[in-house]
Amino acid sequence: MKPAPISDRLLRPILDAFLYGITVQNASGDLVYMNQAAAQLMGFSSQKTPLRKGADGVRSGFLMYDAEGNHFPADRLPGRLVIKTHTPHTATIRFRKPPSTKDHWTLVTAVPVFTGDTLEGVVNVLHDYTKHARSDALHKQVQEHENTLRMALDVANMGVWDWEIPGNTFSWSDGTKPRRSLTRGNKQGTFRQFLNHIHVKDREAVRRVILDAGKKRGKFEAEFRIPGRGKSHRWMLKRGEILTDKKGRPARMIGVGMDSTRQKKMEAELAEGNRKFRAVFNSTNVAMFITDTRLRILESNTAASRLFFPSLRSLSRLGVPEEVSTLNGDNELIITTKEGVTKTLEYRVHPSFLPGKHLFVFHDITSRADEDQRREHLLGIASHELRTPLASIKAFIALLKRKYLKKEYEGMTAYIEKIDETSDSVVRLVNDFLDIARIRENRLELYREQIDLNTLVRELAADLQLTIPTHTLHVRGTISTPVEADRQRISQVLINIIKNAVKYSPDADSVIIRLSDRNGSPRISIRDFGIGIEKSEQKKIFRMYYKVHAKSHKRIYGLGAGLFIARTIMERHNGSIKIQSKPGEGSTFHIDLPISSKP
Amino acid sequence: MKKRIYLVEDDEVLSEGLVLLLRDEGYDVTSFTDASEMAVSNDDPPDCYILDYWLPEDDGMRIAQRLRQNKKTKNIPIVMISASQAALQSGENLSSIDAFFAKPFPIRSFLSAIKHLTG
């Protein structure tokens, strides 16, 4: 039995009552019917308007996308495909009807209607699931965010708190237990109850901070204690922000809290360490500076400001070399204090004791230096008194030589020579003592005159050669400019260096003295082929009382102050003395004088 | 004829040594321990004076200046010997002397300087 056909008049109200949109196209694709839901969905004001040829309901101006958000071309509409293929089609289409900015998520199903074998038309069913699509996606997104955040908070040992102001519902967590929800702490109550949870001493301060932030609608930060068992407590650091409602009234205060107990403890330890350091730093009478690598002073202690000018900005000003790696061990420095007192300081550097920072420690050794100076002064006086007797000794030795340096007194000759050599050593000692005393008391004065170094050096070498049988002194090169210098003092330096060169090259047979113009300034270089000096020792040899420890050598008379005196003499000339040396290959001493040394 | 030298040196030992050396070199040496003993207005002055810078009563530099002011002695060479370099350091006018030796000096150069000055 065929069911009785339902009349058109009866069908239409039934279709209009449907929640799904239903449209009918004829075999040419013309839209011939749509129910109320379809008209509403596609934005038609009446069901009759669009019934025209070729229009399958898709109005120009429709924006259509597929589920992924790509453009959806009209020829892929299920209705059109059904007409082409005579088989049902379905598609998810997101469309928008400008000027509206709302997207409609629609599932479109199109089925062919046949009469016998002939395609009569197409029935489209449109299911608008926008609401579900939206809430599903949003929900999923929110959930994902929440999970990530919750994990992050748990890892960071942070808690959340949330105060819904109109309802005065406060929820918080102390950041120590994992939470089930992001916006819900594991404790709940009113604002007052939240405050009661805080250490009584911090309560009022926290209340004020939060209420102030509420009034100002701003962000805030509060740190407070939460009492634990017994006398212990934990520190919490809370940061929050006020959210306002549509009318701008504070509606909600939301934020995160962090257990800062450990941080607080570390801060306290750090502060204690710092206090201890400060106490030591400032109470010691050892002057200390912390500088950057350019020796600019970053910090100085009380002793340092007592000793030095407070205006001191950089240690370079005191003559401390920037190349601190050269400053191993103790170094000496003479300064004049703000009271005008001359002080002798000994200093040490701890390079890079903090990244990019040096620590300098200065000891005032003035009293020790004063003692040295007194001793040297006495030695100076004693030496002075020795001069006349020594002159007598030399005179009588000369007389002895005249009488007894003859064949018949052969045995005597050696003794006389020994006495002569020994008296020469005493003379050198006396001269060194006197020079040191002069340097210490700043009495080493220069008597400058114009000197032709070519002549001076050649004459001096010729004189010295008479007393040096073991080595040949070769003088090479020339210096083109005369200098203003103390003839006697420069000679003293040269004699010292040349004699050293001979002394420390026992297996060699020559010493080369080279004269040159170095960048226009006179330079005298004295090269030996002897034992040489280790790099680490090279700086020290110009210090007072230094002596090269050569085991293979017999003890050499002298103070070991010769190079110290030589250095001082050169410095007074505004010149310098430098050494280049390699152990086993010998040494070269460069004596540099400025073109015109002015007093 | 032997060259004549006046030596003024208060240290007797040094004085003796220098006198012996100079005599050995062929000089006629007269020594004094004090300048006052030396007759400055001597009508017959020596060929060279050797003066100690520091003397008990007077200092060598003042004696040298007096000798320079005297017509008869103003051209006679003067050699100064001194235990200190103060004479040099004080920046005093050294034009009145011909040679300066700081004690203890090398005998060889001392003697050659005197030989040169009296030659």
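## Strands, helices and a loop in chain A

Helices (H or I, at least four residues) and strands (E, at least two) are DSSP runs, numbered from the N terminus. With that in hand, let us start with a small detail of this predicted model: A:Leu295 sits in the loop that links strand 13 to strand 14 of chain A. Its phi is near 70°, a positive value in a residue other than glycine.

The two strands on either side of that loop are paired with each other. Strand 13 (residues 287–292) and strand 14 of chain A run antiparallel and are joined by three bridges. One pairing to look for is A:Thr291, whose bridge partner in strand 14 of chain A is A:Ile297.

## The five-stranded sheet

Zooming out, strands 13 and 14 belong to an open sheet of five strands in chain A, with the order 14-13-17-16-15 and antiparallel pairing. Which strands stand at its edges? They are strand 14 (297–300) and strand 15 (331–336) of chain A. Each has a single partner strand, so one side of each has no neighbour in the sheet. From one strand to the next, the twist averages 30°.

A helix also meets this part of the chain. Helix 9 (residues 366–404) of chain A lies across strand 16 (342–354) and strand 17 (357–364) of chain A. Its direction relative to strand 16 of chain A is about 135°.

## The six-stranded sheet

Chain A also holds an open sheet of six strands, in the order 2-1-6-5-4-3, and here too the pairing is antiparallel. The edge positions go to strand 2 (31–34) and strand 3 (63–65) of chain A; each has a single partner strand, so one side of each is left without a neighbour in the sheet. Neighbouring strands are turned by 30° against each other on average, direction ignored.

Inside this sheet, six bridges connect strand 1 (residues 21–26) with strand 6 (residues 118–128) of chain A, and the two run antiparallel. As a landmark, A:Ile22 is found opposite A:Val125 in strand 6 of chain A. Helix 3 (residues 78–85) of chain A packs on the sheet, where it touches strand 1, strand 4 (89–96), strand 5 (104–115) and strand 6 of chain A. The direction of helix 3 makes about 150° with that of strand 4 of chain A.

## Where chain A meets chain B

How many residues does each chain bring to the contact? Chain B contributes 24 residues and chain A contributes 19 residues. Together the chains bury about 1800 Å², with 61% of it on carbon and sulfur atoms.

Between chain B and chain A there are six residue pairs in polar contact, counting pairs with both residues at pLDDT 80 or more. On the chain B side, helix 1 (12–24), helix 3 (86–89) and helix 4 (107–118) each supply at least two residues of the side that touches chain A. Helix 1 of chain B gives the most, with eight residues. By class, this side of chain B has 13 nonpolar, five polar and six charged residues.

The count of salt bridges between the two chains is two. One of them joins the side chains of A:Arg402 and B:Glu25, at 2.6 Å from N to O.

## A cis peptide bond in chain B

One more feature is worth a look: the peptide bond from B:Lys103 to B:Pro104 is cis, with omega near -5°. B:Pro104 is placed in the loop between strand 5 (99–102) and helix 4 of chain B. Helix 4 of chain B is also one of the helices that supply residues to the side touching chain A.

Technical notes: Residues numbered from 1 in each chain as written. Chains lettered and ligands numbered in written order. Heavy atoms only, no water. Contact = heavy atoms within 4.5 Å. Buried area = accessible area lost by both parts, 1.4 Å probe. Salt bridge = Lys/Arg side-chain N within 4 Å of Asp/Glu carboxyl O. Polar contact = N/O pair within 3.5 Å; in protein donor to acceptor, adjacent residues only side chain to side chain. Nonpolar A, V, L, I, M, F, W, Y, C, P; charged D, E, K, R; others polar. Pairing = 2+ DSSP bridges. Axes fitted to C-alpha atoms, helices over the stretch in contact; angles between N-to-C directions.
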